[in-house]
Amino acid sequence: RMEASCLELALEGERLCKAGDFKAGAAFFEAAVQVGTEDLKTLSAIYSQLGNAYFYLKEYSKALEYHKHDLTLARTIGDRIGEAKASGNLGNTLKILGQFDEAVVCCQRHLDISQEQGDKVGEARALYNIGNVYHAKGKHLSWNMAQDPGYLPQEVKETLQKASEYYERNLSLVKELGDRAAQGRAYGNLGNTQYLLGNFSEAIAFHKERLAIAKEFGDKAAERRAYSNLGNAHIFLGRFDISAEYYKQLKDQAVEAQACYSLGNTYTLLQDYERAIEYHLKHLVIAQELGDRVGEGRACWSLGNAYVSLGSHEQALHFARKHLEISQEIGDRSGELTAQGNMAQLRTALGL
């Protein structure tokens, strides 16, 4: 009976996790571990799934604990593929916890064993995961030093270049395997790393590939990200008209609000203030519909500036006043000070 009941509990846990109920699934796996089993292969599988369940529940220290148990067991029973898988899972968990160097060691072990076993799919996954660790590390390092894409300290640059190299290796392998979905992911991440490195033309080439594959799969979220990324990259190359075309493809309301805001700023840079106002007004309306007070405040501030550029001081004062009200309401101190400064200047200009 003991064997059956451990397995029964584990299968129920697996069923629940597949249905998306990781909390209940984890409880069944925990119960299966309590009951215990002599079959170490089964136990290793349970540890692995427990680790994954806790990962989805964002309980990363528990995920780490079970993936470590799984790794130890896989080694004990000489299960190389199991050891590779456990190492990969450990690497991904350590990455989330910001332990990048340990994460690379684990992902590298996943890569080495996959190559040794001739497991191409595992090898591709390991390359992708190592790319992700370096990508996350690069972003983490550059957050601590705020600057524009392309102006990076040497350490950040080298880290992002490593990410790019692993994504390139992943890409050529998933092409060989004919896995289109994985190619899409690789192109997207290559685009993102090149963008951070300030290689905007390369970023654009990769994001165009990403867009094409997203369309093939009808993956709307990936399509939106690609349009947005293409818009951003063209702005840095000074191609505002092309960037505007990409932003226009973004149809979803919240995304549309962001796009209108970006377009408004783009036309301001082009000194086409009428068009800028048109888009900032659109942004204002959508922000109001979405109840997005921060967005509304931003729109009012941008509208005030655009009207000043057109010399319409009354209009500008109206929006500066609205910007002040919203800033006070949401407790945005710097917004409040900006609005007060703008209002004082406009009153003077209007001779009030």
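Is C107 buried or exposed? C107 counts as buried, because its relative accessibility is 0%. Keep in mind that this is a predicted model. Here's a quick look at the largest pocket, an annotated repeat and the cysteines.

**The largest pocket**
- The largest pocket holds about 400 Å³ of space.
- Its lining is made up of 17 residues, and those lying nearest the centre are N52, K85, N89, N92 and R125.
- Four elements each give two or more residues to that lining: α3 (40–56), α5 (80–96), α6 (100–116) and α7 (120–143).
- The top contributor is α5, which supplies seven lining residues.
- If you're thinking about the chemistry of the lining, it splits into ten polar, four nonpolar and three charged residues.

**The annotated repeat**
- UniProt, in an unreviewed entry, puts the annotation "repeat: TPR" on residues 44–77.
- In the model, residues 44–77 are 88% helix and 0% strand.
- The C-alpha atoms at the two ends of that stretch sit 10 Å apart.

**The cysteines**
- Searching the whole structure turns up zero disulfides.
- C106 is in no disulfide, and its nearest cysteine sulfur belongs to C107, 6.8 Å away.
- Likewise, C107 is in no disulfide, with the sulfur of C106 as its nearest cysteine sulfur at 6.8 Å.
- The pair fails the test because a disulfide needs the two cysteine sulfur atoms within 2.5 Å.
- C106 has 8% relative accessibility, so it counts as buried, and C107 is buried too at 0%.

How values were computed
Residues are numbered from 1 along each chain as its sequence is written. This is a predicted model: local features need pLDDT of at least 70, side-chain atom pairs count only at pLDDT 80 or more; totals for chains, interfaces and linings use all residues. Side-chain values use heavy atoms; hydrogens and water are left out. On a 1 Å grid over the protein atoms alone, a cavity is a set of points where a 1.4 Å probe fits but cannot get out, and a pocket is an open set with protein on both sides within 12 Å along at least five of seven lines; lining residues have an atom within 4 Å of a point. Grid points are joined across faces, edges and corners, and a volume is the space filled by probe spheres set on the points. Ala, Val, Leu, Ile, Met, Phe, Trp, Tyr, Cys and Pro count as nonpolar, Asp, Glu, Lys and Arg as charged, and the others, Gly among them, as polar. UniProt positions are given in the numbering used here, feature names are shortened, and annotations may be inferred rather than shown by experiment. Buried means under 20% relative accessible area, exposed over 50%, partly exposed in between (1.4 Å probe, protein chains only).
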